[in-house]
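Me: I'd like a close look at one part of this model: the hollow spots and whatever surrounds them. Take it slowly and link the pieces together.

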Amino acid sequence: MNEIKSLLRWDEPKLFCIHLPAAYETAVFPPHFSKMNTLSLLSSGLASHFSLLPDQLLPPVSVNLNLSLAICQSHSSNDSTVKSDDAFASLEGFMKARGAEFPKMELVTYGEYDEFRGVQASHHIKENDVIMSIPEHFLLTEKVAMDSEVGKRVQAALPEIYTNDEEHLFISLFLLQERAKGPMSAWSKYFPTLPTDYTNMDPHFGEEEVKFLRESYLYEDVYSSDVEELKESYKAVCDVMSDFCEQHSYDDYVWARLSVRTRLFSVDIDGVLRCAMVPYADMFNHEYDNVASWRFDDATRRFQIYAVKPIAPGETIHISYGEESNRKFLINYGFTFPNNPDGSAEVVVALKHGDSPDVKAKRVAKSGYEATVDRAISFQVPSKAGQEDFYAPLHLARVAVALPDELELLAAKGASIVSLRCEKAAWLLYQESVLDALRVTPSTKEADEALLANESLSWNVRNIIRVRHSEREAALKIMGLIDLFLTLVESSQEDFNLLRANPKFDEVQDYVQQVAEAHRSEFSKSLLR
């Protein structure tokens, strides 16, 4: 014991590892220690720890004062004994001491069992008042992650890995690297505030949830594809960084990926859109009628949560996570809304069979989707015609139904009307595709509503049923919109001029104008015949 004490300077807290002989597997450790060969300790508290272990450190032990935590691989930050309330208070104090400001807000718990956290106003807040101000050095962006040791290793080994999701991958690996450092990490105060598991997210769904998912396309589209992607990306990392995966299990990797997925902000910094995890800012919950939003102030180099309308003391401060469908909310955050105004439905549009190889190749090229070589593309279609994604299936449908001479005139990705005949046929194919989606929807509206009325339904199953229920409702709304648009393209020019005045078309005047030009073009051609 004296030999160990002589190796330390007690006025300089350092993290080090005590490697115990195998015999100490049976030793009785204090409750706050994990039972393992390697213990990570803070030297500042070592004396009190030793006093709890009388006569158990008599055989010689080795003390490693190397500050690199790579040797402390059996340390797990999930074993933290810090109480969650204390963790947030500790993080707040740590951030305030380093320039963060929380002038008009406070963290609160709510729910029947205080199981939820959120932010409320502690003072009267005027519109555009800053509610939270976080210095740039607290932003964990993909650039920070890519410039780190693990980020550079991944870039060197896999320079083109998962280019559509590289931000999530790099930040996730960085989280694991930093978590392994324990108290020596600059982000150590942040980790205890993160969830230790994500049982509400699809990668952790159990048999009951999977049973309901298997009843529809949601199994493949939401669950199976997500789990497979996580497994494949973890394997890709392990293939080139086996030492990293020896330290971080697949479960660790899933934890990191879900932490990133549920907590990322999209932030414009110096004109570049960055992905960023922002400690403490991730405690603001979502609401459609949000009272606050966020921005990055390039001049002050601070991330800010600010009020978009006045907020009264005690009022919950919500931000908006975006106009997303229940499917997106379930995948990205693990929750859904009973009356989500931003519904969507999955619509699959396929190219027709029977084309010659030459015409088929032209359709595939014109579609802009390489995958149409297999003839079908799946779209998540919003139930609002004012959103651009509503027209994506129509564009592909134009490519699918265009005659060979029309195909030559059609704009890339089907982004133009070539004739009223083609446009009508495209809307009818779109309509049939939506009907196909309705046909494969399990259960009925009434049956799902009866299930949702059951208060004993689990959180996850309720969300799954709510997704398919809202997507059925969205598909029905889309059908109604298609009927409306068909009246425009099927009508005579005279009737079209009357129909276009319908207020229902106010939000889609760009499309109405395209149809008007098609009517004029057809009329001009008729005069020349």
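**Hollow spots and their surroundings**

Reply: Searching the whole structure turns up two cavities of 30 Å³ or more (1 Å grid, protein atoms alone; a 1.4 Å probe fits but can't get out; lining residues have an atom within 4 Å of a point). The model is predicted, so local features need pLDDT of at least 70 and side-chain atom pairs 80 or more, while totals for chains, interfaces and linings use all residues. Numbering runs from 1 along each chain as written, and side-chain values use heavy atoms, without hydrogens or water.

Let's go into the second largest cavity, at about 40 Å³ (the space filled by probe spheres on grid points joined across faces, edges and corners). Its walls are Y217, A345, E346, A437, L438, T441, E471, R472 and A475. Strand 14, helix 15 (420–440) and helix 17 each give two or more of these (DSSP runs: helices H or I, at least four residues; strands E, at least two). Helix 17 gives the most, with three residues. By class, the lining has five nonpolar, one polar and three charged residues (Asp, Glu, Lys and Arg are charged; Ala, Val, Leu, Ile, Met, Phe, Trp, Tyr, Cys and Pro nonpolar; others, Gly included, polar).

Now follow helix 17 (residues 459–490) to helix 11: their axes are 8 Å apart, at about 155 degrees (lines fitted to C-alpha atoms over the stretch in contact; N-to-C angles, 0 to 180 degrees). The two are therefore roughly antiparallel (over 145 degrees; under 35 is roughly parallel, 65 to 115 roughly perpendicular, the rest oblique). N326, R327 and L330 of helix 11 meet N463, R466, V467, S470 and E471 of helix 17 (heavy atoms within 4.5 Å). That contact comes out as two nonpolar, three polar and three charged residues. E471 is one to watch: it touches helix 11 and also lines the cavity.

Helix 11 then takes us to the second largest pocket, with a volume of about 760 Å³ (an open set of points, protein on both sides within 12 Å along at least five of seven lines). Its lining counts 31 residues, with R327, K328, I331, N332 and Q380 nearest the centre. At least two residues apiece come from helix 8 (218–240), helix 10 (250–263), helix 11 (326–333), strand 14 (344–350) and strand 15 (376–382). Charge is plentiful here, with 14 charged residues beside eleven polar and six nonpolar. So R327 plays into two parts of this picture, the centre of the pocket and the contact with helix 17.
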